[in-house]
Protein chains: 2
Amino acid sequence: MTSVFNDSHAVETAFYDAFRRLDTDRMRALWIDDESAACVHPGGDLLQGRIAVMESWAEIFRAAQPPDVGFTVLSADVRDDLAIHLVREHVASADGQHARVIATNVYRRTDNGWRMQLHHASLPLVEKGTARQPTRPLH
Amino acid sequence: MTSVFNDSHAVETAFYDAFRRLDTDRMRALWIDDESAACVHPGGDLLQGRIAVMESWAEIFRAAQPPDVGFTVLSADVRDDLAIHLVREHVASADGQHARVIATNVYRRTDNGWRMQLHHASLPLVEKGTARQPTRPLH
């Protein structure tokens, strides 16, 4: 699959679409194809380089049910060839629970259009009434 | 306090120094002075704008003991006026526990030198033998 994305928002839409469909081919087509690729899954360590990042998505997709995930862009700082988006992901689980995840997504313009370079997602903030979120920040 | 930083690494060093000293004035002097300031503390929601970000640091510093915190730069993508660093923070607590925190730090070059624009820190990865880290990513 070869996809050319004209801006960072198009890559982001494709990213969450690939995630929703657990589509490894689509995911591969939108990540940058070099060692600058980097990813922090919720609760996980930093993965660096395209191979490590793509292996992590393949592993996640093998184990998962297609998630009900949406996203809201909270800010987008777009430069000539680099864009930094702050995003709130909305994840609904089968039992009706809703979780919010804050993510920093970085996109870079390459010779093959815009690609995702970094996805850093934190553990879910749990909605009011549950207790996952610490009462005060750890730092 | 007016500080002018010549590059993103100088801001980063000042950031962790201010954190180590719980020094609110130093912290204020290195953050960007506009609404693009954004911060995700470990386990927390996104804070946007200089006022919200600085209030969060002041609150954290009031409650905290000076932390034993170091950092390792895992990657630095530095452009003309924007730099994205991926950092591993090393935090040692008084009881000898060590924790690692992955952070995305974004810096921007302004008319007053380089400033911090974004700090996104995840919850600590706990060292082997403890159980905080999920066995597989949540997404």
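## Around strand β6

Cys39(A) sits across from His119(A), a residue of β6(A). His119(A) in β6(A) is also the bridge partner of Asn105(A). This is a predicted model, where local features need pLDDT of at least 70, side-chain atom pairs count only at pLDDT 80 or more, and totals for chains, interfaces and linings use all residues. Side-chain values use heavy atoms, leaving out hydrogens and water; residues are numbered from 1 along each chain as its sequence is written, with chains lettered from A and ligands numbered from 1 in the order in which they are written.

Now for the strands themselves (DSSP runs of E, at least two residues, numbered from the N terminus). Strand β1 of chain A, residues 38–40, pairs with β6(A) in the parallel sense over three bridges; pairing calls for at least two DSSP bridges between two strands. Strand β5 of chain A, residues 98–110, pairs with β6(A) too, but in the antiparallel sense and over eight bridges. Getting from β5(A) to β6(A) takes a hairpin of two residues.

As for cover, β6 of chain A (residues 113–121) has nine of its nine residues buried, meaning under 20% relative accessible area with a 1.4 Å probe, protein chains only.

## How the two copies match

A turn of 180° and a shift of 0.0 Å along the axis lay chain A on chain B with an RMSD of 0.0 Å, using a least-squares fit on C-alpha atoms of residues with pLDDT of at least 70 in both. The two copies are therefore related as by a two-fold rotation axis. In chain A, Ser122(A) has the C-alpha nearest that axis, at 2.7 Å.

Both copies use the same surface: 100% of chain A's contact residues (heavy atoms within 4.5 Å) turn up again in chain B.

Notes: Buried < 20%, exposed > 50% of the residue type's maximum accessible area, 1.4 Å probe, protein only. Helix = DSSP H or I, 4+ residues; strand = E, 2+ residues; numbered from the N terminus.
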